[in-house]
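Subject: Handover of a structure and notes on it

Dear colleague,

Please find below the structure that I am passing on to you. My notes on what was found in it follow directly after.

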Amino acid sequence: MSNNLIDQAVQSADYAIRSTQHAGEQASALVRHGMDAASDSAHQAGDRTVAYIRHEPVKSMLIAAAAGAALAVLATVLGKSGKSR
């Protein structure tokens, strides 16, 4: 009787190991797919940005300057609120 219990435990452990390995392989494949999709999206966004800058250089410079000014104001406001605490 105890051999039967041991055999069942070994089979259960083997099944659990195989199931865990399979789940890990599936998760790894999903992560790789997500990383590939994110990389493709980033490349496309970069290409669109470069094309826009080439077609609208002055407008691009003004947008960049405005964004930099907004970030500077935000940093100043956040810096002041952090000191008052």
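How many helices and how many strands are there in the protein chain? The chain holds two helices and zero strands. Please bear in mind throughout that this is a predicted model.

Overall form

The radius of gyration of the protein chain is 28 Å, well over the 12 Å that the globule rule gives for 85 residues, so the chain is more spread out than a compact globule. Along its principal axes, the C-alpha trace spans about 85 × 45 × 5 Å. Of the 85 residues in the chain, 1% are buried. The surface that the chain exposes comes to about 7500 Å², and 65% of this area is supplied by carbon and sulfur atoms.

The salt bridge in helix 1

Helix 1 covers residues 2–55. A search of the whole structure finds one salt bridge, and its partners are the side chains of Arg18 and Asp14, with a distance of 2.8 Å from N to O. Both residues belong to helix 1, where they are four residues apart, about one turn of the helix. As general background, side chains of opposite charge can pair when their charged atoms come close. Arg18 has a relative accessible area of 45% and is therefore partly exposed. Asp14 is likewise classed as partly exposed, at 38%.

Ser60 and its surroundings

Ser60 is found in helix 2, which runs over residues 57–83. Is Ser60 buried or exposed? Its relative accessibility is 12%, so Ser60 counts as buried, because the cut-off for that class is under 20%. A polar atom of the Ser60 side chain lies 2.7 Å from the backbone oxygen of Glu56. Leaving aside residues up to four places away in sequence, Ser60 touches Tyr52 and Ile53.

The nonpolar patch

Which residues make the nonpolar surface patch of about 270 Å²? They are Tyr52, Ile53 and Ile63. Tyr52 and Ile53 are thus named again here, having appeared above as residues that Ser60 touches. Ile53 lies in helix 1, and its relative accessible area of 42% makes this residue partly exposed.

When you open the model, you may wish to begin with Ser60 in helix 2 and then turn to Ile53 in helix 1, since Ser60 touches Ile53.

With kind regards

Conventions: Residues numbered from 1 in each chain as written. Predicted model: local features only at pLDDT ≥ 70, side-chain atom pairs only at ≥ 80, totals over all residues. Heavy atoms only, no water. Patch = residues over 30% accessible without salt bridge, like charges linked within 9 Å, V, L, I, M, F, W, Y side chains within 5 Å. Areas by Shrake-Rupley, 256 points an atom, 1.4 Å probe, with all protein chains shown as cover. Salt bridge = Lys/Arg side-chain N within 4 Å of Asp/Glu carboxyl O. Buried < 20%, exposed > 50% of the residue type's maximum accessible area, 1.4 Å probe, protein only. Polar contact = N/O pair within 3.5 Å; in protein donor to acceptor, adjacent residues only side chain to side chain. Contact = heavy atoms within 4.5 Å. Rg over C-alpha atoms; globule rule 2.2 N^0.38 Å.
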